[in-house]
Amino acid sequence: MSPITRAEHPFRIIVVGAGVAGLTASHCLQKLGIDHVVLEKQADIAPPLGAGISMWPHGLRILNQLGCLQDIEKSAVSLNRFLCRGPDGRLIHDNALYTHVQENHGIGFFPLERQNFLQILYDSLPNKSPVRTGRAVEDVEQFSDRVEVRLSTGEIEVGDMVLGCDGVHSLVRSAMWDYATRTSPGLVQAKEKTSLKTSWKTLIFITPGIPALGERDLTVTYNDGFTFLVTSQPDAVYFFVIFRREKPFTWPKREHHTEADVEKLAAQVLDKPVTDQLLFSEVWKRRTRASVVSLEEYVLEHWHHGRIVLAGDAVHKVHPNMGLGGNSAIEGIASLMNHIHRVLPPELKQIRTRLDGSSMRNHKPSGTALNMAFAAYQKERQHRMRELMDLSTMVAKMHTYATPLHRFMANWMMPLLDDRRFANRVGSYIATAPKLDFLPDVDFACGRLPWTSNTDEKEEEEVLFDGILAEKSVAVSA
Ligand SMILES: Cc1cc2nc3c(=O)[nH]c(=O)nc-3n(C[C@H](O)[C@H](O)[C@H](O)COP(=O)(O)OP(=O)(O)OC[C@H]3O[C@@H](n4cnc5c(N)ncnc54)[C@H](O)[C@@H]3O)c2cc1C
């Protein structure tokens with residue numbers, strides 16, 4: 001494709017990364033009839049990596065619009081109990097959160113094996129051909145009328161914009177920063193780049209079902225400096241041992257973990273109780289695979305520049321203890337797609353079923369219109385993600401007894417909080433999540449808390465969510 005003829009081509013988006021955000025984006029773009037390609041560096045869409053990924057009702061609502069809900073419900077059972085335990089494994093709090101989530105939203109919280117979840121997202125795509133595996137992106141160049149993306153295979157993809165869904169070590173993000181340095185000096189400050197902070201690492205593994213850990217339970221066992229976080233299903237256990245690092249570090253430093261790190265971290269906790277009956281060593285010996293990953297936390301200041309926009313972990317990453325990072329990636333894609341849809345020229349909306357693009361020539365949003373969509377997406381999402389990051393970090397500190405105050409909150413304050421009130425406040429966050437405005441929202445669950453799409457109501461609910469933070473961070477901020 002010659003760059004000179006770009007104006008003659010239909011509107012085209014280059015999506016980098018076929019993880020949670022990239023696959024969701026491809027599905028949305030297919031529904032919108034927008035020409036696109038999804039470039040994935042790995043050979044496999046769903047490699048056997050990681051452990052579980054849990055879906056909350058608001059993520060499920062979007063996935064239902066994309067036709068994935070039935071497969072998710074076939075692959076997992078929603079959680080029932082949320083058990084918080086002390087370092088000796090004894091039960092501190094049997095929290096009824098998941099019962100209330102079910103009542104509040106008409107649907108529960110579903111843990112799936114990550115590999116299986118990615119496969120479901122891929123299998124549900126109406127057309128698989130836009131997704132190209134084994135294509136590592138090496139560089140992104142922006143021009144006034146186009147973007148060019150250079151691949152490790154030597155190919156160059158040309159489009160109107162790049163959507164960076166390439167995860168925590170995003171190359172697209174670095175290319176966006178480089179472009180900003182050249183064209184808008186001073187815009188992206190060093191402070192923003194070093195806000196990408198790594199304060200935690202986690203040992204992850206999977207075992208077959210273990211009756212002593214239940215079939216539908218989340219167990220969190222608090223400890224000094226680390227936590228066991230265990231999700232059980234009838235046939236599997238997704239196990240995370242999350243360690244607080246003594247010395248956090250920031251971007252661009254990156255740690256690579258080896259098999260020796262896996263064994264070393266496991267050895268540190270072998271004799272620690274997971275419950276009052278079970279030691280870690282008894283679960284560990286049943287693992288089928290294990291790995292170590294660093295856990296970064298950040299919400300960027302700038303989510304887009306020029307013709308590049310970022311989504312998912314490339315732009316925001318939260319501690320995984322609340323299971324909301326992937327849900328947020330899906331939400332973010334829904335929000336971005338809604339805003340892109342709003343700036344599409346009417347002709348493009350009308351002929352969106354013409355995937356060959358033949359009649360779409362010259363009907364594309366201008367660079368200014370795309371920028372308006374990107375800015376609206378950032379405005380809608382940034383505050384929400386900052387709140388979530390702060391809350392997740394605070395909970396992680398509580399679970400690892402970061403200070404005497406965090407220990408007090410974990411052992412005494414949380415058990416005394418009214419579970420329903422807590423679930424309602426989490427529920428206000430769930431109920432105000434976006435859905436895909438350009439697709440029908442048919443046949444989806446509804447519970448006590450209505451789904452809210454009106455902006456005024458959203459603002460009211462967000463204040464409520466601020467309330468949880470305020471309530472829980474009083475002591476911590478001291
Ligand atoms: C231990 C742990 C547990 C978690 N549990 C949950 C949970 O229960 N619920 C939840 O909602 N979230 C959870 N998360 C968070 C969730 O996994 C992430 O937020 C989510 O995967 C982000 O999706 P993404 O598409 O942005 O990134 P990813 O899923 O990481 O996908 C990025 C993709 O980009 C590809 N890529 C990278 N660079 C390039 C390149 N240069 N060229 C081409 N392709 C490239 C990668 O190969 C990858 O496929 C958890 C995270 C961790 C670490």
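This section describes the fold, nonpolar cores, a three-stranded sheet and salt bridges of the predicted model.

The protein has 478 residues, of which 57% count as buried. Its secondary structure comes to 15 helices and 19 strands. Among contacts with a separation of 6 or more, residues 24 or more positions apart account for 76%. The accessible surface of the protein comes to about 19,500 Å², and carbon and sulfur atoms contribute 51% of this area.

The largest nonpolar core contains 128 residues. Within this core, the members that touch the most others are F117, L163 and M337. Helix α12, which spans residues 367-399, gives the most to the core, with 13 residues. The surroundings of F117 were examined with its neighbours within four places in sequence left aside. On that basis, F117 is in contact with V20, I53, M55 and L63, and also with I72, L112 and I330. Another core lies apart from the largest one and comprises 21 residues, including F205, F228, V241 and V262.

One of the contacts of F117, L63, belongs to helix α2 and is buried. Helix α2 covers residues 57-65, and because nine of its nine residues are buried, the helix is largely enclosed by the rest of the structure. The buried residues of α2 include the nonpolar side chains of L60, I62 and L63, but R61, H58, N64 and Q65 are buried as well. P57 and G59 complete the set. The helix is followed by G67, at which phi is positive, near 80°.

An open sheet is formed by three strands in the order β8-β9-β10, with antiparallel pairing. Strands β8 (137-142) and β10 (156-159) lie at the edges, each pairing on one side only. On average, neighbouring strands of the sheet are turned by 20° against each other, direction ignored. In general, the strands of a sheet pair through backbone hydrogen bonds, in either a parallel or an antiparallel manner. In this sheet, β8 and β9 run antiparallel and are joined by five bridges. The two strands form a hairpin, with four residues between them. D139 has R150 in β9 as its bridge partner. On the other side of the sheet order, strand β9 (residues 147-151) pairs with β10 in the antiparallel sense over four bridges. Here V149 stands opposite E157 in β10.

The count of salt bridges comes to 22. In one of them, the side chains of D217 and R81 meet at 2.9 Å, N to O. This pair links distant parts of the chain, with D217 in strand β13 (residues 217-221) and R81 in strand β4 (residues 81-85), 136 residues apart. The two partners fall into separate accessibility classes. D217 counts as buried because its relative accessibility is 5%, under the 20% limit for that class. R81, at 36% relative accessibility, therefore counts as partly exposed.

A second salt bridge joins the side chains of D88 and R90, at 3.0 Å, N to O. D88 has a relative accessibility of 39% and so counts as partly exposed, whereas R90, at 56%, counts as exposed.

A further salt bridge is formed by D437 and R342, whose closest N and O atoms are 2.6 Å apart. This pair also links distant parts of the chain, the partners being 95 residues apart. D437 is in the loop between α14 (419-431) and α15 (455-476), whereas R342 is in helix α10 (residues 325-343). D437 counts as partly exposed at 43% relative accessibility, and R342 is partly exposed with a relative accessible area of 46%. In addition, salt bridges that share partners join R12, D35, R132 and E157 into one network. E157, a member of this network, is the residue of β10 that stands opposite V149.

Notes. Residues numbered from 1 in each chain as written. Predicted model: local features only at pLDDT ≥ 70, side-chain atom pairs only at ≥ 80, totals over all residues. Heavy atoms only, no water. Buried < 20%, exposed > 50% of the residue type's maximum accessible area, 1.4 Å probe, protein only. Pairing = 2+ DSSP bridges. Axes fitted to C-alpha atoms, helices over the stretch in contact; angles between N-to-C directions. Core = buried A, V, L, I, M, F, W, Y, C linked by side-chain atoms within 4.5 Å. Contact = heavy atoms within 4.5 Å. Areas by Shrake-Rupley, 256 points an atom, 1.4 Å probe, with all protein chains shown as cover. Salt bridge = Lys/Arg side-chain N within 4 Å of Asp/Glu carboxyl O.
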